[in-house]
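Visitor: Please take me through a close look at one part of this model, the way two neighbouring helices pack, and then place that part beside some other features.

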Amino acid sequence: MNKVNKKSGTPSAISVFFIAFFAIALIIVSFFAIDFLGTNEKRGAVTYVIGTEEYKLSGKDAYSSNGLLLVCFDDIAKICEMTVTGTSESKVFYARNSDQRVSLSNGNRIATVNSRTHDMLAPAVLFERGILVPLDFVKENMAGIDTKFEDGKLTVLRGEYNSSTKSEPNYEDVGFTGSVDAPVTQPDDTVKVAPTYDFVADLSSFEEYMNPEDTDAYMILVNRTSTIDENYKPENLVPITNVRKDGRSETMVETAEKALQALFIEMRAAGYTDVSVTSGYRSYDKQKYLYGVYTNNEMAAHPDWSREQAQKEVDTYSARPGTSEHQTGLCVDMHNLGSASQKFARQEVYTWLINNCYKFGFVLRFPEGKEDITGYSFEPWHYRFVGRFHASEMHRLDMCLEEYTAHLAENK
């Protein structure tokens, strides 16, 4: 009987089986690894249309690592008029006029929908627009919106009732599924929650001034029809820190002045160092004097004008005594020019101001395009303190103070 030579080098059947098995396993693992790591790179960019906003994200940003399409929940909250609390990393979104809410946090797969936890299958991701979450989570847990993804384009719109028209949409109520075993009171007009913002500088010591506890305390409206008494003088006037260094002395209500300090600190951290305050609080008598000077100047420049004609011209750029909000002590004129001029709007720092002033509680009081509403020509140098909550709302709604005051009255 012949013996098998074990040293002949011929592999046994068992050896061949294991070699083949591991080779196939290696191929399979490699395939899945390549697919897992490279899928999002291969996916095309996604165009997002959420309400009236449209933007595009690359496939890498639009999809989670396991291939789920993501959507920015902050954008959805905006079109649904939700109230948002928390920080950029962790937020609670409240449906309008109800106790329904959803809680999301960066890097966490677990969302809290009302009192119920939900595994989103992919973690929330903090992006420049806000928190991204899987679209499937939104579709499964949210009512009152319509979503459609087709040919690389995701459209998200508010649901509308049949009674809607193009000019007057009647939106469906927005809410979240799940029982509310421990309801959280929906923030309302009596508890106004202002957004939180990230700053370059450490402004934590100024937070109580930028975002005052009494959110409505600084909403006084003064204009040609809402006048102020000649004897009115605000309390707590303090010197303005960032006043122009030419010997002048200007004052402002303390809370507003502290918030203004924060604005200047951040503005300088952004590289803009040449802006200063040229005017703050003005008494009734000082405004009366200035109005008289401007009127006399117009009459001197136009000898054929009557005083009434001169005053009509002055009314386009200066308030009559009793109608100037400078008397409130809540506004300032600030710029980097020799004198106040619309040329300031050409300065790069002006763009920074209108894109950031609301974070500190200030609004551009007489914006361009609102002249017929405010009654005054565009003043890129004139900023008014109303507090962060209302300033952020005015910025979001693109409203001047007259429009916003009317908006609040209509939505009580």
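**Two helices and their surroundings**

Guide: Helices α11 and α12 are roughly perpendicular to each other, because their axes cross at roughly 105° and angles of 65 to 115 degrees are counted in that class. The model is a predicted one, and in it α11 covers residues 388–397 while α12 covers residues 401–410, with the two axes coming within 10 Å. On the α11 side of the contact stand Phe-389, His-390, Glu-393, Met-394 and Leu-397, and these meet Leu-401, Tyr-404, His-407 and Leu-408 of α12. Sorted by class, the residues of this contact are six nonpolar, two polar and one charged.

Turning from the helix pair to open space, the second largest pocket holds about 610 Å³. Its lining consists of 34 residues, and those nearest the centre of the pocket are Arg-282, Tyr-294, Asp-333, Ala-340 and Trp-381. At least two lining residues come from each of β17 (276–279), α7 (284–301) and β18 (331–335), and it is α7 that gives the largest share, with four residues. By class, the lining of this second largest pocket is made up of 15 polar, 10 nonpolar and nine charged residues.

The aromatic side chains add a further kind of contact, for the structure holds 13 aromatic pairs. In one of them, the ring centres of Tyr-272 and Trp-352 lie 6.4 Å apart and the planes stand at 50°, so this pair counts as tilted. Tyr-272 sits in the loop between α6 (254–269) and β17, whereas Trp-352 belongs to helix α9 (residues 348–356), and the pair thus links distant parts of the chain, 80 residues apart.

Notes:
Residues are numbered from 1 along each chain as its sequence is written. This is a predicted model: local features need pLDDT of at least 70, side-chain atom pairs count only at pLDDT 80 or more; totals for chains, interfaces and linings use all residues. Side-chain values use heavy atoms; hydrogens and water are left out. On a 1 Å grid over the protein atoms alone, a cavity is a set of points where a 1.4 Å probe fits but cannot get out, and a pocket is an open set with protein on both sides within 12 Å along at least five of seven lines; lining residues have an atom within 4 Å of a point. Grid points are joined across faces, edges and corners, and a volume is the space filled by probe spheres set on the points. Ala, Val, Leu, Ile, Met, Phe, Trp, Tyr, Cys and Pro count as nonpolar, Asp, Glu, Lys and Arg as charged, and the others, Gly among them, as polar. Axes are lines fitted to C-alpha atoms, for helices over the stretch in contact, and angles run from 0 to 180 degrees between N-to-C directions. Angles under 35 degrees count as roughly parallel, over 145 as roughly antiparallel, 65 to 115 as roughly perpendicular and the rest as oblique. Contact means heavy atoms within 4.5 Å. Rings of Phe, Tyr and Trp (its six-membered ring) pair if their centres lie within 6.5 Å; planes under 30 degrees apart count as stacked, over 60 as edge-to-face and the rest as tilted.
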